[in-house]
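Me: I am new to this structure. Please take one part of it, the largest pocket, and describe it closely, then follow the elements around it outward.

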Amino acid sequence: MHESWQTFLKSEFEKDYFCRLSTFLHEAYANSQVFPAKQQVFRAFTTDLSDIKVVILGQDPYHTPGAAHGLAFSVPSSQPIPPSLINIYREIDSEYGSHANQDGNLKSWQQQGVLLLNNVLTVEAHKAGSHRNKGWEIFTEAVIRHLSDRCDNLVFLLWGRDARSKKAFIDTDRHLVLESAHPSPLSARNGFFGNGHFKATNEYLRVHGKSKIIW
């Protein structure tokens, strides 16, 4: 984790809800297959807080072996590109004509200041949503509040019901919030395709003197 997050994270880790979550996770990792690997759970927080320009909020990690590696929507380069990310790339292609990544690893986005954060940071193998309502949602609410309070002129991309529920914790006078359906194949045609979020993000960054994201 980057040092810019340490004070905030230490404060959250000491709270009662997170102590209960830690106990649950200790037992889960000991007794079942959980993704991502322990050392990757907080990978999103390796980005300097002051470098963050965009926040993309996902749901929970991919629950198939080898896919989750601590960044929302992203997979290691060795893995097939998941359907939701295929649809994300499809939308980028419709806005820009092409996308920069050659695989499903979104580390280049992270390096440009995109925080790729899931609403729930862990999951049991082959059981989507299995670690919901264990405390992660409280943690990510605190993260969103912290970003909203500490930063200026961020773009929050909220795709799907879980992500959109976090809008209440964002100061919309200081930040741009873009909402749409989730890019999952089950919902992408209900408003994700054609949302124009990637160009809108870069235009907002330009207006506020920040470098664009190379999608």
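Reply: In this predicted model, the lining of the largest pocket divides into 21 nonpolar, 15 polar and three charged residues. Altogether 39 residues line this pocket. The space in it comes to about 670 Å³. Nearest its centre lie Asp60, Pro61, Tyr62, Ser84 and His182.

Next comes the question of which elements supply the lining. Helix α3, residues 83-96, and strand β3, residues 114-118, each give at least two residues to it. Of the contributors, β3 gives the most, namely three residues. That makes β3 a suitable place to begin.

Strand β3 is mostly covered, with five of its five residues buried. The burial applies to both of its faces. On one side are Val114, Leu116 and Asn118, on the other Leu115 and Leu117, and every one of these is buried. To be called buried, a residue must have under 20% relative accessible area.

From β3 the path leads to strand β2. These two strands pair in the parallel sense, over five bridges. Within this pairing, Val55 stands opposite Leu115 of β3. Strand β2 spans residues 54-58, and it also pairs with β5, again in the parallel sense, over four bridges. Here Ile56 is the residue of β2 that stands opposite Leu157 in β5. Strand β2 therefore has pairings with both β3 and β5.

Strand β5, residues 155-159, is enclosed as well. All five of its five residues are buried, so the strand is largely enclosed by the rest of the structure. Val155, Leu157 and Trp159 point one way from β5, while Phe156 and Leu158 point the other way. Both groups are buried. Strand β5 has a further pairing, with β6, residues 176-180, in the parallel sense over five bridges. The bridge partner of Trp159 in β6 is Ser180.

Helix α7, residues 197-207, adds a further piece to this picture. Its buried residues are His197, Phe198, Thr201, Asn202, Tyr204 and Leu205. They cover an arc of only 160° around the axis, which puts them on the same side of α7. The spacing follows a general rule. An α-helix has 3.6 residues a turn, so residues three or four places apart point the same way. On the other side of α7, Arg206 and Val207 are exposed. The buried residues of α7 are covered by several elements, among them β2, α3, β5 and β6. Helix α4, residues 107-111, is also included in that cover. Of these elements, α3 has already appeared as a supplier of the pocket lining. After α7 comes Gly209, whose phi is positive, near 75°.

A few loops leading to or from these strands have backbone features to note. Most residues other than glycine have a negative phi, and most peptide bonds are trans. Against that background, the loop between α5 and β5 holds Asn153. Phi of Asn153 is near 55°, a positive value in a residue other than glycine. Asn153 counts as partly exposed, at 22% relative accessibility.

The loop between β4, residues 123-124, and α5, residues 136-150, holds His126. His126 is not a glycine either, yet its phi is positive, about 65°. His126 is exposed, with a relative accessible area of 53%.

The loop between β1, residues 34-35, and β2 holds Pro36. The peptide bond from Phe35 to Pro36 is cis, with omega near -5°.

Phe35 also serves as a reference point for the start of the chain. The C-alpha atoms of Met1 and Phe35 are separated by 18 Å, although the two residues are 34 places apart along the chain. Met1 lies in the segment before α1, residues 6-13. At 49% relative accessibility, Met1 counts as partly exposed. Leaving out residues up to four places away in sequence, Met1 touches Gln6, Leu9, Phe13, Phe42, Phe45 and Thr46.

To return to the pocket: β3 gives the most to its lining, and this strand has five of five residues buried. Through β2, which pairs with β3 and with β5, the path reaches β6, which pairs with β5.

Key:
Residues numbered from 1 in each chain as written. Predicted model: local features only at pLDDT ≥ 70, side-chain atom pairs only at ≥ 80, totals over all residues. Heavy atoms only, no water. Buried < 20%, exposed > 50% of the residue type's maximum accessible area, 1.4 Å probe, protein only. Pairing = 2+ DSSP bridges. 1 Å grid on protein atoms, 1.4 Å probe; cavity = no way out; pocket = protein on both sides within 12 Å on 5 of 7 lines; lining within 4 Å. Points joined across faces, edges and corners; volume = space filled by probe spheres on them. Nonpolar A, V, L, I, M, F, W, Y, C, P; charged D, E, K, R; others polar. Arc of directions from axis to C-beta. Contact = heavy atoms within 4.5 Å.
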